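Hi everyone, thanks for coming. Please pull up the sequence and the structure, and we'll walk through a few places together.

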Amino acid sequence: MAIFHLQINSISRGAGRSAIAAAAYRAGERLRDQRTGRLHNYAQRTDVSHTEIFLPSRVPPADVPWASDRARLWNAAEASERQRNARVAREYQVTLPVELNPGQRLQLARRFALELAERYNVAVDLAVHGPRPEGDPRNHHAHLLATSREIGASGFGAKAGLDMQSDERQRRGLPVGIAEIKLVRERWALLNNEAFAAAGLTLRVDHRSLRAQGIDREPRHIPFAAIQIERRGMRSEVADRIRQRWRDRVQGREARSSAPDVEAVRRQGREAWLALREQAAAGPAAWPSQPQVRHIEESPQPRSGAAQPAPAPQLSAEQRRAALERERDAADRDFAL
């Protein structure tokens, strides 16, 4: 079964992160941060199968030769931000289908990177990773690190994509907030399905939630890092919490499904009161015989010397029938029928 996964992360100084460090780690390279002077060296990585920088078509590479150099690109992105809590990059992490061959997976990742660059007018740094020897052999994935500002011949400009101000997005006729994220997820699912069709596969992925798809099942995803911990014979608190939350959700659904049907109870109550009305309309012969209800009507003998209660007024049959009807109507209102 094909798996859909797209996760959008932000690279922010406020969280102590650096675009240089993020690019070096994902590309498996050795990059120096000119702002801090720190060297980030990940050249020893062996799971990086492809790296490439994409620019929007309106910015010819000849006009921005510095943008094709990873170190210069991300140092310029860092230099364009002045605030100490600035968001310097946006990452799109996607799973590449194991059902496709390496060339098809690369083509899929490159197409998505180019579309992001075109949509947001940003530079996108693509890094394709394969499974690690000690990891899950299905773990083919890609990191698409996008600049948070538009790129042009003169350098970086205004904020772009998901980092653009809401009023600017509205002025350009672009969706805001979660609507934009949903569009990106839908586009990635469509690209996956087109790649499956081109490869002659009948597989499909869906970006929507299980509930939106009409699938009556509780989702459960345990991170592979937690699975690795358990494979080594150790206990993973993360995996335990996920499984417990999953069990709680399943039990909650079962409890809700086994709860009494409120509408059925209301319907039964209405039918019972209608039956009583018919009995009342049928007259005294339809009611139980007098001895069966005597213990309700009889009252204890008054004590000696106690004041005798006034005799109850005698009601005609018509008056008793009208009182009974009023009582039944009040019961109907209590049942909210």
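Let me start with a small puzzle: does Gly161 count as buried or exposed? Before I answer, please keep in mind that this is a predicted model. You'll find Gly161 in the loop between β9 (155-159) and α4 (166-171). The answer is buried, because the relative accessibility of Gly161 is 4% and the cut-off for buried is under 20%. If we set aside the neighbours within four places in sequence, Gly161 is in contact with Tyr120 and Arg169. Another residue to look at here is Ala117: 44 residues separate it from Gly161 in sequence, while the C-alpha to C-alpha distance is 9.7 Å.

Now let's zoom out for a moment. The chain has 337 residues, and 33% of them are buried. Its secondary structure comes to ten helices and nine strands. If you take the contacts between residues at least 6 apart in sequence, 62% of them join residues at least 24 apart.

Next, the sheet. What is the order of the strands in the open sheet of five? Reading across, it goes β1-β5-β7-β6-β4, and the pairing is antiparallel. The edges are held by β1 (6-12) and β4 (48-54); each has a single partner strand, so one side of each has no neighbour in the sheet. On average, neighbouring strands here are turned by 15° against each other, with direction ignored. As a reminder, strands of a sheet pair through backbone hydrogen bonds, either parallel or antiparallel.

Let's follow β5, residues 87-95, in a bit more detail. Seven bridges join β5 to β1, and the two run antiparallel. On that side, Leu6 has Val94 as its bridge partner, and Ile8 stands opposite Tyr92. Turn to β7, residues 141-147, and you again find seven bridges to β5, also antiparallel. There, Thr95 is partnered with His141. With that in mind, how many of the nine residues of β5 are buried? Seven are, so to speak, under cover, and the strand is mostly covered.

Staying with the sheet, please find Asp125, which lies in strand β6. Asp125 is buried, because its relative accessible area is 4%, and buried means under 20%. Which side chain makes a polar contact of 2.7 Å with that of Asp125? The partner is Arg70. Not counting residues up to four places away in sequence, Asp125 touches a set of residues including Ala23, Glu52, Trp74 and His143, as well as Arg70 itself.

Ala23 takes us to helix α1, since Ala23 is among the buried residues of that helix. Helix α1 covers residues 19-27, and eight of these nine are buried. The list is rich in alanines, with Ala19, Ala21, Ala22, Ala24 and Ala27 among them, and it also includes Ile20 and Arg26. At the N-terminal end, Ser18 acts as a cap: one of its side-chain oxygens lies 3.1 Å from the backbone nitrogen of Ile20. Just after the helix, Gly28 takes a positive phi of about 65°.

Now for a helix pair. Two packed helices are described by the angle between their axes and the distance between the axes. For α3 (residues 102-120) and α5 (residues 178-198), the angle is about 150° and the axes are 10 Å apart. The crossing is right-handed. From α3, the contact includes Leu108, Phe112 and Tyr120, and from α5 it includes Leu183, Trp188 and Leu191. By class, eight residues in this contact are nonpolar, one is polar and six are charged.

Where does Ala198 sit? It belongs to α5. Ala198 is exposed, with a relative accessible area of 71%. Between its C-alpha atom and that of Gln104 there are 9.3 Å, although the two are 94 residues apart along the chain.

One last stop, in the loop between α3 and β6 (124-129), where we meet Asn121. Most residues other than glycine have a negative phi. Asn121 has a positive phi, near 60°. Asn121 is also buried, with a relative accessible area of 18%.

That's my tour, and I'm happy to go back to any of these places.

Conventions:
Residues are numbered from 1 along each chain as its sequence is written. This is a predicted model: local features need pLDDT of at least 70, side-chain atom pairs count only at pLDDT 80 or more; totals for chains, interfaces and linings use all residues. Side-chain values use heavy atoms; hydrogens and water are left out. Axes are lines fitted to C-alpha atoms, for helices over the stretch in contact, and angles run from 0 to 180 degrees between N-to-C directions. Helices (H or I, at least four residues) and strands (E, at least two) are DSSP runs, numbered from the N terminus. A crossing is left-handed if the near helix is turned anticlockwise from the far one by less than a right angle, and right-handed if clockwise. Contact means heavy atoms within 4.5 Å. Ala, Val, Leu, Ile, Met, Phe, Trp, Tyr, Cys and Pro count as nonpolar, Asp, Glu, Lys and Arg as charged, and the others, Gly among them, as polar. Two strands pair if DSSP finds at least two bridges between them. Buried means under 20% relative accessible area, exposed over 50%, partly exposed in between (1.4 Å probe, protein chains only). A polar contact is a pair of N or O atoms within 3.5 Å; within protein, one must be able to donate a hydrogen and the other to accept it, and residues adjacent in sequence count only if both atoms are side-chain atoms.
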